[in-house]
Amino acid sequence: MRRLQIFVLLALCLLSSCAVVDELQDGNLPDDWTIFRGSPSLCGYSECDISETPKLLWSKTVGTRTVSSPIVYDGIVYTLDRKGKLRSFTAEGDSSLVYDFKTSVEASFIVNDSLLYVGRIDGFVNAFSIKGKRVIWDYETLGQISGSPNLITVGGKPNLLVGSYDGSMYVFDAATGKKVNQHETGYYINGTAAVWGKYMVFGGCDTWLRIVDATTGTTTDSLQLDTYLPASPAILGDIAYEADYNGNIHEIKIENGRFAQHRKLVSSNLDNDGENAGLVSMPTATRDAVFAMTGERMICCFERSDGSLRWKKMLRGITGECSPVVSNDKVIVCTKDGHISLFDTQTGAELWHYDAGEQIIASPAVVPGRFYILTSRGTLLCFS
């Protein structure tokens with residue numbers, strides 16, 4: 001009996017070595033990072049543990065401009081450049097797949113059950129079979145697609161969420177490509193919908209944050225914020241965090257598919273010097289804190305309980321669209337001009353720094369023992 005107890009304890013420790021927090025109830029395998037923020041809730045937080053002094057294992061350069069973020073599926077890392085060429089690499093850095101969609105792509109992509117989903121600038125959505133190395137279905141929207149698709153489970157089946165510049169958020173049967181429903185907003189949809197249960201939460205240029213029932217395509221609630229919303233919300237448990245272009249970070253509690261409570265966790269006038277004005281990247285939520293790139297050169301950590309500033313650190317470069325990712329007790333921060341840093345989540349101490357020498361827009365991908373950074377010039381960096 002004693003041996004059985006020890007075995008169970010060891011098994012639980014191994015399983016918990018790298019996982020999305022239990023509040024999320026997401027289905028990522030330990031070696032997967034299948035969407036640009038790690039999980040359908042887009043919170044940007046994993047319990048993977050990474051070293052305080054990472055080493056560059058390998059780098060691969062394709063020389064083609066890239067905007068989308070890398071993802072990891074079944075231990076293989078995938079990249080997609082602006083010309084539409086998909087590439088994959090093994091954990092050792094060996095090339096394992098090249099496929100050309102032959103059209104412009106800026107959106108990040110997602111993988112589920114050996115199918116890779118991508119939205120294109122020409123408005124098409126593609127489902128690509130990794131095993132078959134071919135497109136198995138496509139659908140044409142009436143506008144460009146700039147945000148990553150996302151996945152939501154409804155009735156036990158995976159459905160694909162895709163926002164388009166035609167002003168609609170689409171829901172597709174992920175296996176067949178059949179349109180389940182279409183929610184029209186009348187405005188460009190630039191970001192990715194975050195998932196909460198059977199609901200999708202997304203904002204837009206019209207300043208409204210919406211929550212929509214994916215089974216019906218109908219809005220269950222909406223909330224008008226101060227100004228337009230350049231990035232997607234991050235959801236942790238029942239709380240959504242949305243940054244607006246004025247520099248506010250909004251905290252919205254979700255109950256029964258509705259926005260039950262709303263407050264400004266962080267106000268744009270928090271600092272007299274205006275360092276947190278003009279947020280264009282997503283906030284990152286953990287159990288007790290919210291992280292955001294603010295001003296031109298700052299990374300800030302705010303307490304979830306009251307929005308007070310835990311710490312603020314000046315970065316080595318200029319902030320951009322790359323959102324911070326928290327891996328257990330460390331936050332990975334990439335600047336627009338190529339600086340990569342690790343900070344301690346509690347103290348804000350910079351633990352490590354690397355100068356990639358190339359612009360970074362894409363978000364990091366984190367798996368056990370390593371993380372991947374993709375530069376805008378198409379250089380994939382693997383750190384252990």
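This short talk goes through one four-stranded sheet and two cavities. What we have is a predicted model, in which local features need pLDDT of at least 70 and side-chain atom pairs count only at pLDDT 80 or more, while totals for chains, interfaces and linings use all residues. Residues are numbered from 1 along each chain as its sequence is written, and side-chain values use heavy atoms, with hydrogens and water left out.

Let me begin with the sheet. It is open, its four strands follow the order E2-E33-E32-E31, and the pairing is antiparallel; strands here are DSSP runs of E, at least two residues long, numbered from the N terminus, and two of them pair if DSSP finds at least two bridges between them. Strand E2 (56–61) and strand E31 (365–367) stand at the edges with a single partner strand each, so one side of each has no neighbour in the sheet. Five bridges join E2 to strand E33 (residues 379–383), and lysine 60 has leucine 380 in E33 as its bridge partner.

Now to the cavities, where a cavity is a set of points on a 1 Å grid over the protein atoms alone at which a 1.4 Å probe fits but cannot get out, and lining residues have an atom within 4 Å of a point. The search finds two of 30 Å³ or more, a volume being the space filled by probe spheres set on the points, which are joined across faces, edges and corners. The largest has a volume of about 80 Å³, and of its 13 lining residues, the closest to the centre are Asn190, Gly191, Gly203, Leu229 and Ala231.

The second largest has about 50 Å³, and its lining includes Lys60 and Leu380.

Definitions and conventions
1 Å grid on protein atoms, 1.4 Å probe; cavity = no way out; pocket = protein on both sides within 12 Å on 5 of 7 lines; lining within 4 Å.
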